[in-house]
Amino acid sequence: MKKLLFAAAAASVGVVLAACQPAQSGTFELSATGVAFEDGSYTWLASSGCDAPAEGFDYSGYLKDTAADGNGVFVQAKVDGYGWTPRIYHSDGSGTRKWIDRSNVHVDGDVCYHETGKVQVCQDRGTLFPDICTTKNLAR
């Protein structure tokens, strides 16, 4: 009986700890042909369960066009297995940087806690050629 009560108590503590995660952060850099994301940082938002206003992540950094080829560049992000957020473009030319600060990459609906995310930077090569992209995986 004591073992059963101990197991039930341990499971309850595990559920509470899983539902209440502290914020976590880090830095990253990305680059591909014609594009770079420099001085990148991310923060997984603290989670307190499904009633919390946000359990996604924030990211920021400089999106840089590294080639004088006339192609624009963009950055986008996503959580878990869901689709990409809207692209944030920069097309001011080679060597220029644009500060990007995206808050609360999150999916609305039944999912309230996210374990993985991705940030992707791409050179937009139009409709005839595929974009050149690189992706950074960010785990909580």
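Gly-117 sits in strand β7. Let's start there and work outwards. One caution first: this is a predicted model.

Is Gly-117 buried or exposed? Gly-117 is buried, because its relative accessible area is 3%, and buried means under 20%. What does Gly-117 touch, once we set aside its neighbours within four places in sequence? The contacts are Trp-44, Phe-57, Lys-78, Val-79, Lys-136, Asn-137 and Leu-138. Now look at Asp-80. Asp-80 and Gly-117 are 37 residues apart along the chain. Their C-alpha atoms, however, are separated by 5.6 Å.

Next, the strand around that glycine. Strand β7 covers residues 116-123. How many residues of β7 are buried? Six of the eight are, so β7 is largely enclosed by the rest of the structure.

Who are the partners of β7? On to the sheet. Four strands make an open sheet, and the order is β5-β4-β7-β8. The pairing is antiparallel. Which strands are at the edges? They are β5, residues 88-90, and β8, residues 132-139. Each of these pairs on one side only. From one strand to the next, the twist averages 15 degrees. As a reminder, strands of a sheet pair through backbone hydrogen bonds, and the pairing can be parallel or antiparallel.

Let's take the two partners of β7 in turn. Strand β4, residues 73-79, is joined to β7 by seven bridges. These two strands run antiparallel. Pick Phe-74 as an example: its bridge partner in β7 is Cys-122.

Now strand β8. Eight bridges join β7 to β8, and this pair is antiparallel too. Here are two bridge partners you can find on screen. Val-119 has Lys-136 as its partner in β8. Val-121 has Thr-134.

Keep Cys-122 in view. How many disulfides does the model have? The count comes to one. Cys-122 and Cys-133 form it, with their sulfur atoms 2.0 Å apart. Cys-122 lies in strand β7 and Cys-133 in strand β8, eleven residues apart. For anyone new to this, a disulfide is a covalent bond between the sulfur atoms of two cysteines. The link of Cys-122 and Cys-133 is right-handed, with 110 degrees about the S-S bond.

Which surroundings do the two cysteines have? Cys-122 is buried, because its relative accessible area is 0%. Cys-133 is partly exposed, because its value is 35%, and that falls between the cut-offs of 20% and 50%.

Now the aromatic rings. How many aromatic pairs turn up in the whole structure? Seven do. One of them is Phe-28 with Phe-37, and this pair is stacked. The centres are 5.6 Å apart, and the planes are at 15 degrees. Both Phe-28 and Phe-37 are buried.

Ring pairs also build a cluster. Its members are Phe-28, Phe-37, Tyr-42, Trp-44, Phe-57 and Tyr-59. You have met two of those names before: Trp-44 and Phe-57 are among the contacts of Gly-117. So much for ring on ring. There is also a charge over a ring. Arg-97 lies over the face of Tyr-62, at 3.7 Å from the ring centre.

Two backbone details next. Asp-39 is in strand β2, residues 35-44. Its phi is near 55 degrees, a positive value in a residue other than glycine. Asp-39 is partly exposed, with a relative accessible area of 45%. The second case is Asn-104, in strand β6, residues 97-105. Phi of Asn-104 is also near 55 degrees, again positive in a residue other than glycine. Asn-104 counts as partly exposed, at 27% relative accessibility.

Last, step back to the whole protein. How many helices and strands are there? One helix and eight strands. Read along the sequence, the pattern is α-β-β-β-β-β-β-β-β. Of the 140 residues, 34% are buried. And the contacts? Take those with a separation of 6 or more. Residues 24 or more positions apart account for 59% of them. Gly-117 and Asp-80, 37 residues apart along the chain, are a pair to look at again on screen.

Technical notes: Residues are numbered from 1 along each chain as its sequence is written. This is a predicted model: local features need pLDDT of at least 70, side-chain atom pairs count only at pLDDT 80 or more; totals for chains, interfaces and linings use all residues. Side-chain values use heavy atoms; hydrogens and water are left out. Two strands pair if DSSP finds at least two bridges between them. Axes are lines fitted to C-alpha atoms, for helices over the stretch in contact, and angles run from 0 to 180 degrees between N-to-C directions. A disulfide is a pair of cysteine sulfur atoms within 2.5 Å. Buried means under 20% relative accessible area, exposed over 50%, partly exposed in between (1.4 Å probe, protein chains only). Rings of Phe, Tyr and Trp (its six-membered ring) pair if their centres lie within 6.5 Å; planes under 30 degrees apart count as stacked, over 60 as edge-to-face and the rest as tilted. A charge sits over a ring if NZ of Lys or CZ of Arg is within 6 Å of the ring centre and within 35 degrees of the ring normal. Contact means heavy atoms within 4.5 Å.
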